[in-house]
Amino acid sequence: MTDGVIATDRRGKVILINSPAEKMLRVPHESVNGKAIIDVLDIADDYQFDNLMGQEAPITLDRSTVNERYILRVNFSVIQRETGFVNGVIAVLHDITDQEKVDQERRDFVSNVSHELRTPLTSMHSYLEALSDGAWQDPDLAPKFLEVTQNETERMIRLVNDLLKLSRMDGGREHLDKSFVNFTDFFNHIIDRFEMMKKDSIKFKRFISKEPVIIEIDEDKIMQVLDNIISNANKYSPDGGQISFFLKKFDNKIEVAISDEGLGIPKEDLDKVFDRFFRVDKARSREMGGTGLGLAIAREVIRAHGGEIWAESNRGKGTTVKFTLPYSELPEDDWE
Ligand SMILES: Nc1ncnc2c1ncn2[C@@H]1O[C@H](COP(=O)(O)OP(=O)(O)O)[C@@H](O)[C@H]1O
Ligand SMILES: [Mg+2]
């Protein structure tokens, strides 16, 4: 949207307002002409017209409602003759809602990262302190304390690696290294790998037709996506639980689904689990070595491929994570 512009006479009454400004302020044209600009902007509590003439820094108007964020920035400049006689003021309004949102997300991200790093560091610090205070000589405690510090170090390494992956994708620096892959085989191999490591009490069931499905993907990145989703399903599966794997082919896409019979995700959190650092249960996720970034990375990768990812869940009855990837039948003449 173009900038809004309001001009006033030398007493601060509005003499001109363009239609973007009317839209931004949500006022009709007729009601504004001749009115004091500080009333039109609704800043009369904080400013008088005389202040605006010396106002060099822009002012920010937060017009957010409960349902919608809406933030405007207003720059003022004085229209002055060479003699110094003031003719009026021009206010330029700019909608900065989106920019403000990005800034806020960046601030939240930095604060989250700091917090996520501080937690393992604080815990390592206490255990190392206890060890150097004498626990190193205790044959029962020492190995336990060392194990804790090692686990925390490993989680921090995972966290930093995940952060680097995300930051490469954010910068658009990470290009996709695509090649044609038979997704049926690819998917089965990954499931095989998890099947070898899984607990005996968890059952795997595949609903995957043998038919080859050739699609163009970045194999390493899609493997990370599947790793993240399957390890979540594993982590959250109860003893005796079943994990089901589905692969469906449509005209222009494939759909992959992985279902477990774990505790599920509350409805209001189904979208949020793809946000960075969001966990339904922070303590539990950390305890299991989670970084809270697995699904956020998965979403970036799937979107970069032009697909979609989402979660479905009936609380207490398990979770299904689904994603799609674009697919098209290979044109015959490519193989001539
Ligand atoms: N299969 C699942 N069942 C229940 N909750 C899940 C499942 N997968 C993900 N979640 C929830 O989503 C959150 C985010 O997942 P993820 O980004 O992989 O982070 P992490 O696994 O490191 O905690 C998890 O902390 C958990 O609360
Ligand atoms: Mg995870």
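**Entry 1: Arg26**

I began with Arg26, which is exposed, its relative accessible area being 51%, against a cut-off of over 50% for that class. The model I am reading is a predicted one. I located Arg26 in the loop that runs between helix H1 (19-25) and helix H2 (29-32). I then looked up its backbone and noted a positive phi of about 55°, although Arg26 is not a glycine. For context, I recall that most residues other than glycine have a negative phi.

**Entry 2: Asp42**

I next asked where Asp42 lies. I found Asp42 in the loop between helix H3 (37-40) and helix H4 (49-53). Its phi is near 60°, again a positive value in a residue other than glycine. Is Asp42 buried or exposed? I entered Asp42 as exposed because its relative accessibility is 60%.

**Entry 3: Phe76**

I turned to strand E4 (residues 71-80), where Phe76 is found. Phe76 has a relative accessible area of 9% and is therefore buried, the limit for that class being under 20%. I also checked the separation of Phe76 from Ile190: the two are 114 residues apart along the chain, and 60 Å separates their C-alpha atoms.

**Entry 4: annotated spans**

I consulted the UniProt record for this chain. An unreviewed entry there lists "domain: PAC" at residues 55-108. In the model I find this span to be 22% helix and 44% strand, with its end C-alpha atoms 30 Å apart.

The record also places "domain: Histidine kinase", from an unreviewed entry, at residues 112-329. For residues 112-329 I noted 46% helix and 19% strand. The C-alpha atoms at the two ends of that span lie 43 Å apart.

**Entry 5: Ser114**

I looked up Ser114 and found this residue in helix H5, an element that spans 97-132. I class Ser114 as partly exposed because its relative accessible area is 41%. What lies 2.6 Å from a polar atom of the Ser114 side chain? I identified the backbone oxygen of Val110 at that distance. I then compared Ser114 with Asp185: 71 residues of sequence lie between their positions, and the C-alpha to C-alpha distance is 41 Å.

**Entry 6: Ser259**

I placed Ser259 in strand E10, residues 253-259. With 14% relative accessibility, Ser259 counts as buried. I found a polar contact of 2.8 Å between the side chains of Ser259 and Thr320.

**Entry 7: the largest pocket**

I moved on to the pockets. The largest has a volume of about 930 Å³. Its lining consists of 41 residues, and I listed Asn228, Asn232, Lys235, Tyr236 and Gly294 as the closest to the pocket centre.

I asked which elements each supply at least two residues of this lining. They are helix H6 (141-170), helix H8 (219-235), helix H9 (282-287), helix H10 (294-304) and strand E12 (319-326). The largest share comes from H8, which gives eight residues. Sorted by class, I recorded 16 nonpolar, 14 polar and 11 charged residues in the lining of the largest pocket.

Why does the largest pocket lie between domain 2 and domain 3? I place it there because domain 2 (102-174) and domain 3 (176-336) both contribute residues to its lining.

**Entry 8: the second largest pocket**

I recorded a volume of about 460 Å³ for the second largest pocket. How many residues line the second largest pocket? I noted 15, with Glu105, Arg106, Asp108, Phe109 and Arg276 nearest its centre. Helix H5 (97-132) and H10 are the elements that provide two or more residues of this lining. H5 gives the most, with seven residues.

By class, I entered seven nonpolar, one polar and seven charged residues for the lining of the second largest pocket. Domain 2 (102-174) and domain 3 (176-336) both give residues to this lining, so I place the second largest pocket between the two domains.

**Entry 9: cross-references**

I close with two elements to revisit. H10 is among the elements supplying at least two residues to the lining of the largest pocket, and H10 likewise gives two or more to the lining of the second largest pocket. H5, with its seven residues in the lining of the second largest pocket, is also the helix in which I found Ser114.

Key. Residues are numbered from 1 along each chain as its sequence is written. Chains are lettered from A and ligands numbered from 1 in the order in which they are written. This is a predicted model: local features need pLDDT of at least 70, side-chain atom pairs count only at pLDDT 80 or more; totals for chains, interfaces and linings use all residues. Side-chain values use heavy atoms; hydrogens and water are left out. On a 1 Å grid over the protein atoms alone, a cavity is a set of points where a 1.4 Å probe fits but cannot get out, and a pocket is an open set with protein on both sides within 12 Å along at least five of seven lines; lining residues have an atom within 4 Å of a point. Grid points are joined across faces, edges and corners, and a volume is the space filled by probe spheres set on the points. Helices (H or I, at least four residues) and strands (E, at least two) are DSSP runs, numbered from the N terminus. Ala, Val, Leu, Ile, Met, Phe, Trp, Tyr, Cys and Pro count as nonpolar, Asp, Glu, Lys and Arg as charged, and the others, Gly among them, as polar. Domain bounds come from an automatic or database domain assignment. Buried means under 20% relative accessible area, exposed over 50%, partly exposed in between (1.4 Å probe, protein chains only). A polar contact is a pair of N or O atoms within 3.5 Å; within protein, one must be able to donate a hydrogen and the other to accept it, and residues adjacent in sequence count only if both atoms are side-chain atoms. UniProt positions are given in the numbering used here, feature names are shortened, and annotations may be inferred rather than shown by experiment.
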